[in-house]
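Please walk me through this structure, taking the charged pairs as a starting point and going on to how the chains meet and how each of them is built.

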2 protein chains.
Amino acid sequence: MKKRFKKIPETVIRRLPRYYRYLERLKDEGIDHISSRKLADVMELTASQIRQDLNCLGEFGQHGYGYKTSQLIQVIAKTLGIDKSQNVVIIGAGRMGQALAGYGRLNKSGFNIISIFDKNPKVIGNIVNNLKVQDVEEIDGFVENNLVDVGIICISNDEGPMVAEKLANLGIKAIWNFSPVDIKPSENVIVENVHLIESLTILSYKLREKKVIDGMVDEIIGD
Amino acid sequence: MKKRFKKIPETVIRRLPRYYRYLERLKDEGIDHISSRKLADVMELTASQIRQDLNCLGEFGQHGYGYKTSQLIQVIAKTLGIDKSQNVVIIGAGRMGQALAGYGRLNKSGFNIISIFDKNPKVIGNIVNNLKVQDVEEIDGFVENNLVDVGIICISNDEGPMVAEKLANLGIKAIWNFSPVDIKPSENVIVENVHLIESLTILSYKLREKKVIDGMVDEIIGD
């Protein structure tokens, strides 16, 4: 039977990886069941928020008994599509590309990096995390012969949107973009743009705010 | 005169780095003035959202004339505390630490990486982005002799919270955490926890959603 597609609000989706992370940790600690109240404590949310969020995923959790950790992990993994492994290629074998190629959490969450590409002749042929860096000119053939779910763009110049278009034309439907220019999603391709600097900038704001409150500097807003 | 501290909602703060990024790009393209309507088009927000957000920063923008790009950049930079340079140390000279040490946007936004530390004897003494990796045992003396605003934790094990406590005791007030365990902020220290995998997981959800809509897979929520 074909199952109905249930749309989950984006705000909830954006919280799910955090649930997943905390629940995996609880499971590792041997905790089989957890009440929404206890989960709320751990995650610093309210119990009602947690019940609301998890209700979006279906019917589970028993009154007075709580959630079964492993079941919840399974449902979240399935919802997020990380219950099955996905093939990933990296474009750009610079420092960020190398860091992501060696980022343990990717593999743990079912993302298999199957190839890494670069256009720099000095980098092509190098070994990064057991993968030989391939010439980006050869990507067409590679994608034709391998199922690729996600392309990670790790170039440092402004050519990200161009690279993304090429990947989309090859049939890659999801782009994780670390290059400086935002890539716009289209009908054919889904995009998450990552700007690491944004979270550092927010940290900087909070530091400035703290300094003002602590009386170390005078003002935030001039005039 | 001591200036009044004006609290800006966190949701607005979290959007400011994006404004900053777009405005810098517009300035680079030679655009001196921009209406909220045009800015809304570029940033894919509504004009009223933009006027609301920027109103939080003070009084500017003239009816029928719009915002002066450079002024807006200046005010946002000041609000975010990136108008002045800040000293940063990195703990952990693995791939992610190296990637951040060489991440051009940091320097552009006024974050100067002044040292990088590791505990691995094989790594200590290596050169990363013109900095010699120092023994983490020497961090006390270093922080005593240098003004350090931000500590970036790039270790891959579970010792992040311990490292953060040490940095806080040394007087470092802001932690940018890339290690797998969340660090809780305290009265003395501000924290931004970064989990790269979260945005990839969201991409994965959207990919799965697209496949369901396109009829490539049957369901998202099972029973």
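Over all chains of this predicted model, the count of salt bridges comes to 26. One of them is formed by A:Arg21 with B:Asp182, and the closest N and O atoms of this pair are 3.2 Å apart. Since A:Arg21 belongs to helix α1 (residues 10-28) of chain A, while B:Asp182 sits in the loop between β9 and β10 of chain B, the pair joins two chains. In general terms, side chains of opposite charge can pair when their charged atoms come close.

From this pair the view can be widened to the whole interface. Between chain B and chain A the count is 14 salt bridges, and across the same boundary 26 residue pairs are found in polar contact, with both residues at pLDDT 80 or more. On the side of chain B that touches chain A, the elements of chain B that give two or more residues are α1 (10-28), α4 (69-80), α5 (95-101), α6 (104-108), β9 (174-177), β10 (190-193) and α9 (196-213). The element that gives the most to this side is α9(B), with 18 residues. Sorted by kind, the residues of chain B on this side comprise 36 nonpolar, 13 polar and 30 charged ones.

How many residues of each chain take part in the contact between chain B and chain A? On the side of chain B there are 79 residues, in contact with 78 residues of chain A. The size of an interface is often given as the accessible area lost when the parts come together. Here, the area buried between chain B and chain A is about 7,800 Å², and carbon and sulfur atoms give 63% of it.

The relation between the copies can be stated as a rotation: a turn of 180°, with a shift of 0.0 Å along the axis, lays chain B on chain A with an RMSD of 0.0 Å. The two copies are therefore related as by a two-fold rotation axis. Within chain B, the C-alpha nearest the axis belongs to B:Ala99, at 3.2 Å from it. The interface residues point to a further relation, for 99% of those of chain B are also interface residues in chain A, so the copies meet through the same surface.

Next comes the sheet within each chain. Chain A holds an open sheet of six strands, whose order is β7-β4-β3-β8-β9-β10 and whose pairing is parallel. Its edge strands are β7 (134-135) and β10 (190-193) of chain A, each of which pairs on one side only. Further inside that order, strand β3 (residues 86-91) of chain A runs parallel to strand β8 (residues 150-153) of chain A and is joined to it by four bridges, and A:Ile91 stands opposite A:Ile153 in β8(A).

Chain B likewise has an open sheet of six strands in the order β7-β4-β3-β8-β9-β10, with parallel pairing. At its edges stand β7 (134-135) and β10 of chain B, each with a single partner strand, so that one side of each is left without a neighbour in the sheet. The pairing of β9(B) with β10(B) is parallel and extends over four bridges, and B:Ala174 has B:Ile190 in β10(B) as its bridge partner. Both β9 and β10 of chain B are also among the elements that give two or more residues to the side touching chain A.

Definitions and conventions. Residues numbered from 1 in each chain as written. Chains lettered and ligands numbered in written order. Predicted model: local features only at pLDDT ≥ 70, side-chain atom pairs only at ≥ 80, totals over all residues. Heavy atoms only, no water. Contact = heavy atoms within 4.5 Å. Buried area = accessible area lost by both parts, 1.4 Å probe. Salt bridge = Lys/Arg side-chain N within 4 Å of Asp/Glu carboxyl O. Polar contact = N/O pair within 3.5 Å; in protein donor to acceptor, adjacent residues only side chain to side chain. Nonpolar A, V, L, I, M, F, W, Y, C, P; charged D, E, K, R; others polar. Least-squares fit on C-alpha atoms with pLDDT ≥ 70 in both. Pairing = 2+ DSSP bridges.
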